[in-house]
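Got your viewer ready? Here's a stop-by-stop tour, with something to select each time.

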Amino acid sequence: MNLVEPRVASLFGLQLSSSLALFLTVGLIAWLFRRDIREKPDISGALWLPLLWLILGCSRSVSEWLNIFGLPVSGAASVEEGSPLDAWFYFGMIAAGSCVLIKRQVRLSEIISNNGWLIVFLLFCFISIAWSDFPLVAFKRWIKILGHPIMALIVLTELDPEEALTRLMKRCAYVVVPVSILFIKYYPLLGRGFSPWGGAETTGITTNKNILGAVCMILGYFFFWYLVQTWKSERSRWRRNELWLIAGFSIGIWWLFTEAHSATSVTCFFVGILVVVFVGIRFINKNLIGAYMLAALVLLGIAEATFGISTQFSENLGRGSELSGRTVLWKGLLELQTNPILGTGFESFWLGERPRQLEGIFFFIPNEAHNGYLETYLNLGLVGVLLLIGLFVATFRKIRLELFRNFEWGRYRLGFLVALILYNWTEAAFKTLSPLWFVFYLIATDYPRIHVATAEASVGVESPEESGELLYAKEQ
């Protein structure tokens, strides 16, 4: 499919051709990146790796992009096989990311000691390959998922991890938001599609409306958090420019939200914001954050059992009492014969002929559970679900401590964690290349802060400053 498609659309009353809109979009993206780089942020060039990883997760695969730009490549032979080009490209990125971490002398022992539950969860995913019907496919997908912690560690081992996260999200928005608007308004064959769940849908730079909604949730939540940081800074030209930038992208993201019609993403976006605001209230005791969260869960459980608030909320959003058919799908999936303890193996449930057992529930055969916890149960069984819950609890405990060390970073992590946990009630984000899954690794992974060695080199030994390498150690 060629990117150039004759089309004229209206933008603020102006009639623009698709070619002119494309030119202006490319110019805007170039200007935004030039502005960003001229600020000389305290980050390394290695940040381009996680940026590319995140942009691909928020958009389309490499082979799909090449096809769009008129460079046709052979697609996936089957769902099981996938695209060889994509597989090798992601493997190359993972290898390059590993080299960055090795050069930075990131210690595996430190990763394990600071992220025990995360390591156990990944190890169980690897072990579950043994009972998969498609072990080679499951192994390939497990290799891909390793890209998330590797890319997250590149961000977290920068000299200033918060600055690195800010640049990562802003640069991702520079590409994803303008291109999504461009595709939707001027290239509808790329920006709009058809879903068996609800007919015509708006996809933007992504491949379906739910992913577009998830991307808007990630970026919209970030820009709100970034607004809070920027608003508190001293009045300056930089502050004014950043507020204009935030306002512009917030408007664009909200427009994409309205086009995507993803009720789950919008709801979780506001829940994440409420958490950020709540923990920032002066009289809120940070020592009792766990009690507040537990109380909220208990109250939600009581309200659901007594009044069925999820059904009422779904009806108010126009999704019906069955959550757009999800409850029917969940019932059908739970009736299938799978191993309740160990599941079918890592990312293996939807492979082969198994999904055909759902034939007749809808006029199409689903390819996901639309519930992250049910998806985990189908693939990894009750053991996997319990490990996932343990991972969430461990992440919350890290975040609770972070609220006392670095409050702003701590509440970013907390708000996103709550939003992600809620999101997976009606969508499945615990999947290989999901951008939400990647951001989860960013907030769930801990690594000691960086110290650059400044001691003079001893005789015959090159100093870290001369070699350009960084040494990593725990904060004193």
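Start by selecting Lys40, which sits in the loop between α1 (18-38) and α2 (48-58). The helix names here follow DSSP runs: helices are H or I with at least four residues, strands are E with at least two, and both are numbered from the N terminus. Lys40 is exposed, with a relative accessible area of 73%. For the burial words, buried means under 20% relative accessible area, exposed means over 50%, and partly exposed lies in between, using a 1.4 Å probe and protein chains only. Check the backbone of Lys40 too: its phi is positive, about 50°, although Lys40 is not a glycine. Most residues other than glycine have a negative phi.

Before moving on, a word about what you're looking at. This is a predicted model, where local features need pLDDT of at least 70 and side-chain atom pairs count only at pLDDT 80 or more, while totals for chains, interfaces and linings use all residues. Residues are numbered from 1 along each chain as its sequence is written, and side-chain values use heavy atoms, with hydrogens and water left out.

Next, pick Gln105, in the loop between α4 (84-103) and α5 (108-114). Here is another positive phi on a residue that is not a glycine, about 60°. Gln105 is partly exposed, with a relative accessible area of 36%.

Now zoom out and show the whole protein. You'll find 20 helices and six strands. Of the 476 residues, 51% are buried. Contacts (heavy atoms within 4.5 Å) often link distant parts of the sequence: of those with a separation of 6 or more, 74% join residues 24 or more positions apart. Switch on the surface, and the accessible area comes to about 22900 Å², with 65% of it belonging to carbon and sulfur atoms. That area comes from the Shrake-Rupley method with a 1.4 Å probe; for residues, only the protein chains shown count as cover.

With the surface still on, select Leu123, Phe126, Ile127, Leu136 and Phe139: together they form a nonpolar patch with about 470 Å² of accessible area. Two elements give two or more residues each, α6 (116-127) and α7 (135-145). Which one gives the largest share? That's α6, with three residues. Ile127 belongs to α6 and counts as partly exposed, at 48% relative accessibility.

Go to α12, residues 237-260, for a quick ruler test. Its 24 residues should span 34 Å at 1.5 Å a residue, and the end C-alpha atoms are 35 Å apart, which agrees. The expected span is 1.5 Å times one less than the number of residues. Colour the buried residues of α12, among them Leu243, Ile246, Phe249 and Phe257. Just after α12, His261 takes a positive phi of about 55°.

Then jump to Glu408 in helix α18 (residues 407-423). Is Glu408 buried or exposed? Buried, with a relative accessible area of 13%. Leaving out residues up to four places away in sequence, Glu408 touches Trp225, Gln229 and Lys232.

Last stop: Trp425, in the loop between α18 and α19 (435-444). Trp425 is partly exposed, with a relative accessible area of 47%. Add Trp330, His370, Asn371 and Tyr373 to your selection to see what Trp425 contacts beyond its neighbours within four places in sequence. Measure from Trp425 to Tyr373, C-alpha to C-alpha: the two are 52 residues apart in sequence and 7.2 Å apart in space.

Definitions and conventions. Patches are made of residues with over 30% relative accessible area and no salt bridge: like charges are joined within 9 Å, nonpolar side chains (Val, Leu, Ile, Met, Phe, Trp, Tyr) within 5 Å. A salt bridge is a side-chain nitrogen of Lys or Arg within 4 Å of a carboxyl oxygen of Asp or Glu.
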